[in-house]
Amino acid sequence: DLGTVGPAARACGILTDARAGCDRLLHQDFRIALAESGSGDVRARVEQRAVELWQSFGILDEVFDRPLVPSVAEPGDPVGDLGVGRVESPRGATTCVVERDGRTLRRLRLRTGSFANWPSVAAAASGDVVPDFPLINKSFELCYACVDR
């Protein structure tokens, strides 16, 4: 209901990941990894990150075992005025929309995983005592003033 994305959402058992179902990935058979708990608490978020760390190592092994072929635009390829990019960052789906008018940037919209997840931090901390807040807050590992690396 809060729009939570990334490991925080998966720690609640929500099957959402920007890498799933994308036909442009090098690893077509990507499956969302879920920790067993799925309770959505601090422990579940830590366990989810651990599961995803091992999954990331497996993806890296797969990618490094085959040659990489760069994608290069050919002369004469049409260039659109609207571009959309979506990645699964360590904090969740980050989406960037770029609109241009000829060679001029007209609009840029960036929505980071951190931005999407801040309402979830407030909900997770609701009803807890003040000393618990730093642990709850850091278990989301959100970015305060950056664009999610």
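Partly exposed here means a relative accessible area between the buried limit, under 20%, and the exposed limit, over 50%. The model described is predicted. It holds nine salt bridges, and the strands S1 and S2 run antiparallel. Three of the salt bridges are set out below, followed by a network and the strand pairing.

**Arg10 and Glu88**
- Arg10 and Glu88 form a salt bridge in which the closest N and O atoms are 3.1 Å apart.
- This pair links distant parts of the chain, with Arg10 in helix H1 (residues 6-10) and Glu88 in strand S1 (residues 82-89), 78 residues apart.
- Arg10 has a relative accessible area of 1% and is therefore buried.
- Glu88 is also classed as buried, because its relative accessible area is 17% and the limit is under 20%.

**Glu141 and Arg49**
- A salt bridge joins the side chains of Glu141 and Arg49, at 3.5 Å from N to O.
- The partners come from distant parts of the chain: Arg49 belongs to helix H2 (residues 42-64), Glu141 to the segment after helix H4 (133-140), and they are 92 residues apart.
- Glu141 has a relative accessible area of 30%, so this residue counts as partly exposed.
- Arg49 is likewise partly exposed, at 26% relative accessibility.

**Arg100 and Asp81**
- The side chains of Arg100 and Asp81 meet in a salt bridge, at 3.6 Å from N to O.
- Arg100 lies in strand S2 (residues 92-101) and Asp81 in the loop between H2 and S1, so the salt bridge ties together parts that are 19 residues apart in sequence.
- Arg100 is partly exposed, with a relative accessible area of 29%.
- Asp81 is partly exposed as well, with a relative accessible area of 42%.

**Salt-bridge network**
- Arg10, Asp17, Arg19, Glu52 and Glu88 are joined into one network by salt bridges that share partners.
- Two members of this network, Arg10 and Glu88, are the partners of the 3.1 Å contact described above.

**Strand pairing**
- S1 and S2 are antiparallel and are joined by eight bridges.
- The hairpin from S1 to S2 passes through two residues.
- Arg86 has Thr95 in S2 as its bridge partner.
- S1 also contains Glu88, and S2 contains Arg100, so each strand of the hairpin holds a residue from one of the salt bridges above.

Note on methods:
Residues are numbered from 1 along each chain as its sequence is written. This is a predicted model: local features need pLDDT of at least 70, side-chain atom pairs count only at pLDDT 80 or more; totals for chains, interfaces and linings use all residues. Side-chain values use heavy atoms; hydrogens and water are left out. A salt bridge is a side-chain nitrogen of Lys or Arg within 4 Å of a carboxyl oxygen of Asp or Glu. Helices (H or I, at least four residues) and strands (E, at least two) are DSSP runs, numbered from the N terminus. Buried means under 20% relative accessible area, exposed over 50%, partly exposed in between (1.4 Å probe, protein chains only). Two strands pair if DSSP finds at least two bridges between them.
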